[in-house]
Amino acid sequence: MKNNKFTIQQVVAAGIGTALFVVLTETQIPVVIVPNTALQVRAALLAFLSAVYGPVVGGIVGLLGHALGDAFFYGSVWWSWVVPDAVFGILVGLFVKQYKIREGGFGGKEIAIFNVIQIVANAIAWVLCAPVLDILIYAEPANKVFGQGAVAFICNAIMIAVLGTLLCFAYSKIMTKTSSLQKEE
Amino acid sequence: MERKLLTYEEKDTWIDKLCGVTKLVFFLCWSVTSMMTYDTRILVLMLVLSLIIFKISRTRWDQVGSVFKFILLFLIINLLAIYLFSPAEGVKIYGTETVLAGSGRYALRAEQLFYEFNIMLKYFTVVPSIFIFIVTTNPSEFAASMNRVGISYKAGYSVAIALRYIPDIQADFRKIRNAQMARGIEMSKKGKLVDRIKSTTAIIFPLVFSSMGRIETISTAMELRSFGKHRKRTWYMARPLKRNDYLVIAISVLFMIVALTITYMDGSRFYNPFV
C-alpha cells in the first residue's frame, strides 16, 4: 500500500470520483456573459479528490469524468476541454503531500498552499491548455477561445477557493491526526 | 438532473454484438478524423456514413432526442459566439473576401458562412458516433474488454466502478436534494446567485462525504478479496474478438488514414472552394 503503486483505494477512488464528477456535470451555475461557461461545482470536486488521493486519481477523474459526463449529458466530447481537466487534476495531485488532508492537518498554511497551487494549475489548464487545443483542433477564433478560457479560469478558481477549500477542510477535520496515536515501545 | 441521460439498451444487431473495445477504436478513430479535418468533402461523407450506421444500430429517436436538442442549442450559441468575436475568421482562413450583405466589421461574408458551416458539420459527424457508442455498449462488457487491449485491469476496474455507480450516486443526489428541499432550502433557478451557491453546498457536502464513505467500504471489501494480488484476472463479461471485430477495427483505422491523407494532400486542413 505504498506510494507509486496504483493502490486498491486509488482504484476505487478513481471510479467513484469519476461517477460523482459525472453526476455533478449538470450542477452548475451559468455565467451569462460568455457562452458555454459556468461556475462548475465539479471543478471543486476534482480539486478536492486530487488533493486527497494524488495525481493518478486526479488525472483519471478529470479525463474520464469529463469525457463521460460530456458524452452522457451532451452526446459529444470536447477533447480540447477534457484534457485541461486531466492536466489540472494531475497538477493539483502532484503536491498531495503538502496538503496533509488525510493526516488531519489541513490548516492555515496548507490552505494557502492549496490555493496557490490550484490557481496556478487552473491558469495552466484553462488560460493556456484549453484555448491552444481549441485553436489546434477546431481552428476557432483566438480571441473567442482565450476569452472563454479566461472566464473558465476565473470561475473555477473562485469555485475551488470557496467550495474546494471547504471540502478539504471539512474532510481533514474528520480524519484522525497522525500524532494522536503513539507507537508502543 | 431531470434531463434523461443516454443509457445502454440491449438490441439484437451486429453492432450490438461487437466488442466494446472495437466500438471504442471506431469511436476514437472517428473523432480524431473529425477533429483533424476541415475538408468539407470528408466531413459530408462522414456525416452520411454516420447517419447510415445510426440507422443500422436501430437507435430510436426517443433514446437520444432530448440530448440532441441540447446539443443543437449549444451549437447555435457557439456559432453565434464565433461570429460575434471574429466575423472575418473565414476570410483569414480562405484568403478571399466575398461580402454578401452589409458592411463594416459585421458584414456577412461567404467565407465566414462556409467556415461556420464546417464547424457545424464537425459537430454533427461526432454526435451520432457517440450516441451509437453509448446506447449499444454494455458497460460491464466494455470494462472487461479494455483489459484485452493491454490497459491495466486496475484501470479497467476503475472504469467499471465508475459506470456501475453513476446511477447509484445519481439516486443519492436526488434523495439529498429532496431532503434539503423538504427542509426549506431554495433549489429552483429563481434564487439569487449567493443563495444558489449556498443551496448547492447543502447538497454537495452530504453527497461527497457519503461517497468518501463508499470508497472506504468498497476498497476494504476488495482488499479482503485480495484484489490486485495477481497480475492478471479474468472477467465474467469478457467476449473474444471475432471476425467482425477485426474487420471493423481495420476499416476504422484505414478510413482515418485515407481521410487524413486526402485532407492534408494539398498542404492545408481546409478545403477551399473560393480559389
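**View 1. Chain A on its own.** In this predicted model, buried residues account for 57% of the 185 residues in chain A. Its secondary structure consists of seven helices and two strands. If you trace chain A along the sequence, you will meet these elements in the pattern α-β-β-α-α-α-α-α-α. Contacts in chain A also reach along the sequence: of those between residues at least 6 apart, 72% join residues at least 24 apart.

**View 2. Where chain A meets chain B.** Here we turn to the contact, to which chain A gives 44 residues and chain B gives 55 residues. Which helices of chain A each supply at least two residues of the side that touches chain B? They are α1 (8–23), α2 (41–53), α3 (55–74), α6 (108–138) and α7 (142–174). The largest share of this side of chain A belongs to α1(A), with 13 residues. As for chemical character, the side of chain A that touches chain B divides into 32 nonpolar, nine polar and three charged residues.

**View 3. A close look at B:Arg60.** This residue of chain B sits in the loop between α3 (40–56) and α4 (61–85). Is B:Arg60 buried or exposed? B:Arg60 is exposed, because 11 other C-beta atoms lie within 10 Å of its own, and a residue with 12 or fewer counts as exposed. For a sense of distance, pick out B:Ser34 as well: B:Arg60 and B:Ser34 are 26 residues apart along the chain, and their C-alpha atoms are separated by 24 Å.

Technical notes. Residues numbered from 1 in each chain as written. Chains lettered and ligands numbered in written order. Predicted model: local features only at pLDDT ≥ 70, side-chain atom pairs only at ≥ 80, totals over all residues. Contact = placed C-beta atoms within 7 Å. Helix = DSSP H or I, 4+ residues; strand = E, 2+ residues; numbered from the N terminus. Nonpolar A, V, L, I, M, F, W, Y, C, P; charged D, E, K, R; others polar. Buried ≥ 20, exposed ≤ 12 C-beta atoms within 10 Å, placed from the backbone.
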